[in-house]
Amino acid sequence: MNEILLDARQVEKQFGGIRALASVDVQQAVGETLGMIGPNGSGKTTFVNVVSGHLSIDAGSISFAGAPISGRRPHAITRAGLTRTYQAVRVFSKLTVADNLRTTALAAGREEGVKDSHVRELIHWLELDRRLDAIAGMLTLFEQRRLELAMRLALRPKLVMLDEPVGGLSAVEITHMMKLLGELKTRYSLFVIEHTMRVIRELADRVVVLVSGQKIADGRPEEILRDERVVRNYLGSQGA
Amino acid sequence: MNRMRASKDMWLWISGAALVIGLALATAGNRFAAFIIGIVFLNVLWTAGMNLLYGYTGLVSMMTAGVAGIGAYGTVKLFLDYGWSFWFAVPVSAVGAAAVGVILGLPALRLRGFYFVLSSLVIQVALTLVFIYFPQFTNGDTGITQIPRPGLWLPGFGAVDLTGPGFEIILGLLALAGVAVVYMIIRSRMGAFIIAIREDDLLAEELGIDVTRYKVMVFFISSLLMAVGGAFYAVYTGFISPRSFDVLMSMNIWLMVAFGGRGTIAGPIIGSAILVPIPFLLQELYQIKDIFYGSLIILVTVAMPAGVYGTILKWWRVRRQKQNTAVAPVAIKRMPAE
Amino acid sequence: MGVFGVELRRRHEACRGGDRCGGGVLGRPLRFLVIDNQTNPTQALAAARSFDAQDKVLVISGPTSSDNALAIYGYAEQNQVPFLVPVAAFPQLTKPGTQWTFRLEPAAVGWGYSIAKFVEQKKPGAKIAIMYSDFALMRAIAAGLKYQIPRSNLTAGPEIVFPQGSSDATIQATQVRAASPDYVVVIGAGAFDNTITNQLLDLGVKPDQIIHPFGFTTNILGWGARSVGSYFGTFFDHDLDGVTAEGKKFIKDFAEKNGRPPSYIENFCYTTPYVIKQAIEQAGTVDRAKFRDALRALQTKETTSGVPIAFDKNGARQEYIYYMQITSMDVAKKEYSAKQVFYMEWSPEVIPVYDLVK
Amino acid sequence: MVDPNLLIGLSMLTTGLVLGAIFALTAAGVTIVYGCIWLPNAASGQFFLLAPLVAWSLSTAMGWSPILAVAAVLIAGLPFAYLLERLLIRRFYDVPDRNIAYFVVTLGITQILSGVFSITWGQWSDQYNIPPLAEGVVFIGPFPLPANRLIALVGALALLGALFVGLRYHRFGRALRAVFQNREAAALRGVDVQRIYLGAFLLGTSVIFAGGLLYAMAYSFDLSVAWSMGITAFAIMIVGGPGSVLGALVVGMLFGFVQAAVSVFASPTAATLSYLLAMLVILLLRPSGLFAR
């Protein structure tokens with residue numbers, strides 16, 4: 001196994017007596033694409049929230065790229081190279097696409113903003129060239145998803161955590177997004193929460209299954225998707 | 001491109017300076033009109049600070065008058081009781097007032113939305129009480145009267161008379177400088193960040209922007225502008241009392257920004273220029289002043305959330321877009337090729 | 001207006017007209033500043049400036065009872081405009097060195113002084129409790145009273161300060177009652193004055209133990225019929241012994257128009273144009289400095305009561321006060337009657353007015 | 001001679017009860033509106049003043065009996081609140097962050113009302129007394145309590161009790177509480193949220209009116225009451241927890257007794273400052289208040 005990038009150990013999170021995360025262990029290696037699946041309310045998004053610093057943990061430890069990050073504020077974690085997206089797409093919806101990207105580039109310390117070569121490549125690759133002057137909130141959902149992705153990649157992260165990257169997209173758009181994520185996978189470490197099994201099957205090198213805040217399985221997708229407990233606890237209920 | 005912008009900006013500021021000097025000189029013969037102009041200038045400075053805070057960062061602070069009051073009382077204390085030069089007392093007390101403002105406001109800055117508004121309101125009320133109940137510093141609710149205008153000695157000019165239009169010119173240049181500070185901040189990295197904070201502070205933080213740090217910086221800078229304005233207000237009008245810096249003043253400054261157009265450079269200037277003279281010119285109607293202001297607040301919030309200038313800008317943008325559409329229709333979303 | 005309350009409100013309608021001078025004297029306009037305590041000081045200053053620079057008035061005068069008086073005072077002194085204040089009792093308006101400001105109403109510190117003199121004459125050695133609201137005016141009255149109590153060989157009882165915005169005084173009234181003072185001086189702001197008075201009466205304090213430093217019609221009626229027998233200070237009342245024929249006409253006309261008798265505030269406003277007219281006639285010109293000098297030298301009398309009017313070198317009025325005892329009241333009809341029980345005149349600086357209030 | 005400490009103790013008790021009950025009632029009105037609609041009504045102090053001013057005019061200038069005047073004001077308050085909701089309040093129901101918009105709008109209403117007061121009632125008098133419903137004093141042990149103030153106290157406690165029971169057991173009260181807790185969930189369960197908003201605004205505003213009327217029965221009042229009461233009610237709501245009627249009740253009573261007790265042991269000025277301090281501390285440390293669910 002490669003060098004460990006994300007290392008979460010015995011992570012605990014409670015909400016008013018309910019254990020949202022119960023002693024969860026997750027390790028991710030550099031270059032690896034890790035999938036996380038589980039029923040609604042199983043704690044997947046909570047896990048991303050504690051890793052990205054939006055929620056504090058009650059017990060356990062999280063380290064990233066060799067340094068502990070639990071207790072640090074979200075912006076510091078972002079600067080350490082960990083970025084994330086949200087289930088509901090999140091961009092500055094009243095600003096233009098260009099301003100969204102410019103702000104992000106400046107936040108990453110790239111003074112040229114949209115003219116930065118890396119940012120321009122991203123714009124081109126994610127086909128946002130013709131939408132730069134549009135107000136972000138007026139874009140289609142798929143365009144917003146691509147903008148969101150462009151913003152995260154402009155930060156030059158070491159790890160991108162994607163919370164349901166194809167949620168709400170049409171079949172054609174999913175195919176397109178899959179192609180983009182496939183290319184992304186070759187250059188970045190990805191962490192993907194998804195309900196669409198196709199995404200997990202095609203993208204993930206390894207899959208972690210959360211049920212009621214507990215990790216019940218961890219392994220290669222083809223094994224996991226056949227695992228009896230997983231099928232009973234999650235896939236069965238999905239009818240997949 | 002950048003050089004072009006810089007030179008265009010330079011011309012803008014020079015004509016701005018010419019405009020304020022011209023206004024001050026034009027009203028030199030009429031001390032009443034000059035006074036209105038002077039108060040408008042002060043309010044332009046105050047609204048510039050409020051605009052940075054509310055218009056660009058999205059923080060509705062109700063304690064701005066209190067901070068201006070600290071600047072004013074501090075300056076007057078140093079100037080009159082300790083015999084400092086006014087020009088030295090202003091920066092010292094302004095930095096002091098801004099520091100006090102930040103220390104008081106710091107815990108509140110962690111709060112979001114309405115809770116920040118309310119905390120700042122409570123702090124404002126408490127500051128007013130401090131102004132009233134610490135008469136050894138403030139002379140209590142009767143106020144401090146007969147504050148003299150400072151003298152000024154400029155190399156090359158010698159002693160400058162500040163009892164006439166000289167002071168209005170200084171106020172005008174000060175206002176211009178305040179607006180320029182805000183303009184430069186908005187053009188900078190920091191500007192992009194605070195706008196991001198206004199739009200979505202969680203997302204801003206997620207993108208690696210230290211939200212708290214920028215909020216504190218903005219709060220400090222705007223407090224500085226408020227406090228400087230307060231100090232000049234004291235010597236310009238010659239009188240300060242707790243009521244000069246009460247919550248109604250905070251609200252009025254907010255109203256000028258909202259009415260003129262938040263988050264635009266010109267909006268608050270327009271707001272000040274329209275709203276400040278009204279109570280002075282309609283003195284006979286002083287009784288309905290509160291009703292007028294209250295109605296205006298509601299009107300702006302309900303019907304014109306972008307303010308006068310913001311509404312004009314929007315209308316202009318829509319018009320331009322329509323023209324553009326006529327020339328080259330915006331392409332319908334292009335499906336990327338496999 | 002402070003956040004916690006309107007500064008003592010007093011009624012100014014009678015001052016708005018200035019109709020006694022028919023719009024002007026010697027061709028110069030006579031204009032009255034209309035400023036109440038809701039007006040922001042900046043606006044008060046703008047109004048003063050407008051009268052000075054735009055209208056070129058000879059004299060600024062206006063009913064100003066709040067900090068606005070001090071604001072305009074500063075303007076008047078700095079810009080050398082005569083400023084005649086009908087109703088504002090802050091001593092600072094005539095502090096030593098004042099050149100252009102004249103005050104018709106005696107200073108509040110003196111009111112406090114006169115209470116002690118009044119009690120000294122009524123009941124030597126009496127014990128006096130003070131209950132007052134924390135406003136500049138009330139503090140000044142209390143300061144004068146506290147200064148004079150030992151000098152008049154009186155005994156100081158409990159002293160209670162209420163913050164601006166208080167609404168209940170039951171406990172404090174109980175405390176005061178427990179100390180059994182001979183007199184309680186009540187100096188509340190606005191409606192709270194009524195509350196203190198009534199709560200003292202509830203607890204068994206007798207009306208004739210209560211002294212209000214000042215009483216004007218609306219607040220006398222506010223104390224209610226229960227307070228018949230209590231004392232109040234004033235500078236003019238419809239039941240004064242010495243009301244002149246002109247004074248009687250003024251009272252009658254005012255009552256017909258407003259449905260209640262006038263009090264000292266309206267009387268000061270009535271007197272102001274008369275004083276201005278006298279001074280202009282003496283000066284024989286409408287030059288501001290000469291007018292100021294004429295005011296300084298003025299020796300005249302209130303036309304309504306015959307009380308002398310003269311100013312000292314700082315522009316302070318030669319002071320005087322009446323104490324009245326309420327004899328009957330009909331709140332519904334807005335009527336009361338009172339009898340004059342004490343009168344005194346004194347020079348402002350028999351007490352250190354300007355040291356007691358900064 | 002009665003023991004002065006007993007008298008002072010009894011006066012503290014009655015003052016604490018009267019002030020506390022009126023504070024609690026007013027804050028309950030404010031908190032119902034905020035908890036349900038998310039409307040922090042900055043004009044609640046002006047509403048608190050409006051009701052007794054109208055009652056004062058009716059009972060003195062028009063010569064109505066005080067009981068009739070009070071009842072008339074309470075009834076007339078309903079269409080007033082209804083109109084306000086229809087014309088202004090409902091426009092913001094779907095605005096995100098609407099509490100800030102509401103705060104600003106109600107500050108505007110505050111300005112308008114205080115302007116109206118100063119050119120109307122402010123010209124007519126500078127202090128107002130509503131004629132007492134009952135004359136005389138009732139002795140509580142050795143302590144004389146005016147009958148009128150006793151009526152105000154009983155009225156306030158009765159209203160508080162009714163409010164508390166009504167919110168807990170009445171159908172509308174339960175729906176209101178459901179909306180307090182989670183408006184989406186309540187909407188999903190078939191509660192007509194907009195109707196509940198309207199109901200909450202009418203109820204909360206009427207309760208504030210009632211608080212003002214009871215205050216005016218207990219004390220003389222003037223225009224400055226609006227500011228001090230508005231701030232006090234807000235402080236109670238914040239400390240008790242916005243939306244918590246129980247919090248308003250407990251903290252309101254507490255504030256009443258604090259004002260009563262502090263003025264015995266320290267200066268009355270300290271009591272006023274202590275409200276502000278309590279509010280600030282709670283805002284900074286626990287913005288959801290002491291009685292948050």
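These legends accompany views of chain A, chain D and a helix pair of chain C in a predicted model.

**View 1. Helices α2 and α3 of chain C cross in a right-handed sense.** Helix α2 of chain C covers residues 41-54, and helix α3 of chain C covers residues 67-79. Their axes come within 9 Å and cross at roughly 35 degrees.

**View 2. Residues in the contact of α2(C) with α3(C).** From α2(C), the contact takes in C:P41, C:A44, C:L45, C:A48, C:R49 and C:D52. From α3(C), the contributing residues are C:D67, C:N68, C:A71, C:I72, C:Y75 and C:N79. By class, the residues of this contact comprise 7 nonpolar, 2 polar and 3 charged. Among the nonpolar ones are C:L45 of α2(C) and C:I72 of α3(C). The charged ones include C:R49 and C:D52 of α2(C), and C:N68 of α3(C) is one of the polar ones.

**View 3. Chain A, with 9 helices and 10 strands.** Chain A has a radius of gyration of 18 Å, close to the 18 Å expected from the globule rule for 240 residues, so it is as compact as a globular protein of that length. Its C-alpha trace spans about 50 × 40 × 35 Å along the principal axes.

**View 4. Burial, contacts and surface of chain A.** Of the 240 residues in chain A, 57% count as buried. When contacts between residues at least 6 apart in sequence are considered, 66% of those in chain A join residues at least 24 apart. The exposed area of chain A is about 10000 Å², and carbon and sulfur atoms supply 48% of it.

**View 5. Chain D, with 12 helices and 2 strands.** Along the sequence, the elements of chain D follow the order α-α-α-α-α-β-β-α-α-α-α-α-α-α. The radius of gyration of chain D is 19 Å, close to the 19 Å that the globule rule gives for 293 residues, so chain D is as compact as a globular protein of that length. A box of roughly 65 × 45 × 35 Å, taken along the principal axes, is filled by the C-alpha atoms of chain D.

**View 6. Burial, contacts and surface of chain D.** In chain D, 61% of the 293 residues count as buried. Contacts joining residues at least 24 apart make up 78% of the chain D contacts between residues at least 6 apart in sequence. Chain D exposes about 11000 Å², of which carbon and sulfur atoms supply 70%.

Terms used
Residues are numbered from 1 along each chain as its sequence is written. Chains are lettered from A and ligands numbered from 1 in the order in which they are written. This is a predicted model: local features need pLDDT of at least 70, side-chain atom pairs count only at pLDDT 80 or more; totals for chains, interfaces and linings use all residues. Side-chain values use heavy atoms; hydrogens and water are left out. Axes are lines fitted to C-alpha atoms, for helices over the stretch in contact, and angles run from 0 to 180 degrees between N-to-C directions. Helices (H or I, at least four residues) and strands (E, at least two) are DSSP runs, numbered from the N terminus. A crossing is left-handed if the near helix is turned anticlockwise from the far one by less than a right angle, and right-handed if clockwise. Contact means heavy atoms within 4.5 Å. The radius of gyration is taken over C-alpha atoms; the globule rule is 2.2 Å times the number of residues to the power 0.38. Buried means under 20% relative accessible area, exposed over 50%, partly exposed in between (1.4 Å probe, protein chains only). Accessible areas come from the Shrake-Rupley method with a 1.4 Å probe; for residues, only the protein chains shown count as cover.
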